[in-house]
Amino acid sequence: GVAKLYKNVKRGQQGKNIGISTGIPKLDKVIYGIQKKYLYTIGADTSGGKTSFALDVFIYNLIKNAGNTPISILYYSFEMAADVLYAKLLSRHIWDAYGEIVTYEDILSLTSPISDRHMELVHRSEGWLLGLEKHLVIYDKALTPNGIYVTCRNWLSQFGEFIQVDEHTEDYKDSDPSRYKVVLIDHVGLISGTDSKKVRIDTVVDTMIYLRNKCGL
């Protein structure tokens with residue numbers, strides 16, 4: 001209650017409540033940058049750019065703007081394969097680093113073979129991609145709500161320890177409270193299971209809220 005508020009006020013005075021920039025100044029003013037312990041929902045029509053927005057804000061710009069803050073990201077991709085996501089992120093990097101438009105379609109040669117010039121930029125970006133891979137884990141296979149809980153919990157065990165307090169209560173000891181632990185689910189409508197879509201989504205949201213509160217997602 002009040003004690004927690006004053007602890008948070010003191011953290012803010014030390015500059016520890018300033019979120020990492022999304023890369024979009026107007027958005028930063030609304031959501032105060034990317035904050036810890038927040039649950040964000042991105043909604044739009046089919047092909048409305050939800051995945052591209054998430055990749056840009058919650059992966060590319062998060063890592064780019066993090067400074068010395070450690071970043072670890074778990075991405076559940078139920079719509080696109082991991083190599084397509086990496087190709088989209090590579091496209092973003094090539095534009096940022098070299099000022100050239102090389103789409104993920106170009107990178108994967110989906111309509112015509114990639115040009116020698118663009119292939120050169122892909123090769124030059126390999127070091128950046130390998131660095132990105134150190135921050136990012138992608139699951140691109142179907143998972144039920146329980147599968148998401150188990151894999152997310154196992155992932156979180158890399159950064160802290162789950163401690164059983166009693167039969168019904170557990171705690172989480174974070175090994176590095178400064179670390180941003182980010183989980184993205186793309187998209188929630190494709191979570192597997194025999195329950196209705198609403199029940200599957202509600203179950204996963206409840207799980208994420210629990211892990212957010214317990215582990216600082």
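Me: How do you know that the length of helix H1 (residues 2-13) agrees with its number of residues?

Reply: The expected span of a helix is 1.5 Å times one less than its number of residues, so the 12 residues of H1 should cover 16 Å, and the C-alpha atoms at its ends are 17 Å apart, which agrees. The model is a predicted one, in which local features need pLDDT of at least 70 and side-chain atom pairs count only at pLDDT 80 or more, while totals for chains, interfaces and linings use all residues. Residues are numbered from 1 along each chain as its sequence is written, and side-chain values use heavy atoms, with hydrogens and water left out.

Me: What makes H1 hardly covered, and which residue follows it?

Reply: The count of buried residues (under 20% relative accessible area; exposed is over 50% and partly exposed in between, with a 1.4 Å probe and protein chains only) is zero among the 12 residues of H1. H1, like the other helices, is a DSSP run (H or I, at least four residues; strands are E, at least two; both numbered from the N terminus), and Gly 15, with a positive phi near 80°, follows H1.

Me: Why is H3 called oblique to H4?

Reply: H3 and H4 pack at an angle of about 60°, with their axes (lines fitted to C-alpha atoms, for helices over the stretch in contact, with angles from 0 to 180 degrees between N-to-C directions) 10 Å apart. That makes H3 oblique to H4, since angles under 35 degrees count as roughly parallel, over 145 as roughly antiparallel, 65 to 115 as roughly perpendicular and the rest as oblique. The contact (heavy atoms within 4.5 Å) involves residues including Leu 55, Ile 59 and Tyr 60 of H3 and Leu 85, Leu 89 and His 93 of H4.

Me: What makes H4 oblique to H7, and what is its relation to H6?

Reply: H4 and H7 pack at about 125°, with axes 11 Å apart, and they are therefore oblique to each other; Tyr 86, Leu 89, Leu 90 and His 93 in H4 meet Trp 128, Leu 129, Leu 132 and Glu 133 in H7. The axes of H4 and H6, in turn, come within 10 Å and cross at roughly 95°, which makes H4 roughly perpendicular to H6. Here Leu 90, Ile 94 and Tyr 98 in H4 meet Leu 121, Val 122 and Arg 124 in H6.

Me: Which residues touch the most other members of the largest nonpolar core?

Reply: A nonpolar core is a set of buried Ala, Val, Leu, Ile, Met, Phe, Trp, Tyr and Cys residues joined through side-chain atoms within 4.5 Å, and of the 32 residues in the largest one, Ile 59, Leu 62, Ile 73, Tyr 75, Leu 136 and Leu 184 touch the most other members. Among the elements that each supply at least two residues of this core are helix H3 (50-64), strand E1 (71-77) and strand E5 (180-186). A second, separate core of 18 residues includes Trp 155, Phe 162, Tyr 172 and Cys 215.

Me: Why is Ser 47 counted as buried or exposed, and how does Ser 109 stand?

Reply: Ser 47 has 75% relative accessibility and therefore counts as exposed, whereas Ser 109, with a relative accessible area of 32%, is partly exposed. Most residues other than glycine have a negative phi, and most peptide bonds are trans. Ser 47 nevertheless has a positive phi near 65°, and Ser 109 one of about 55°.

Me: Where is there a cis peptide bond?

Reply: The cis bond joins Asp 186 and His 187, with omega about -10°, and His 187 lies in the loop between E5 and helix H9 (197-215).
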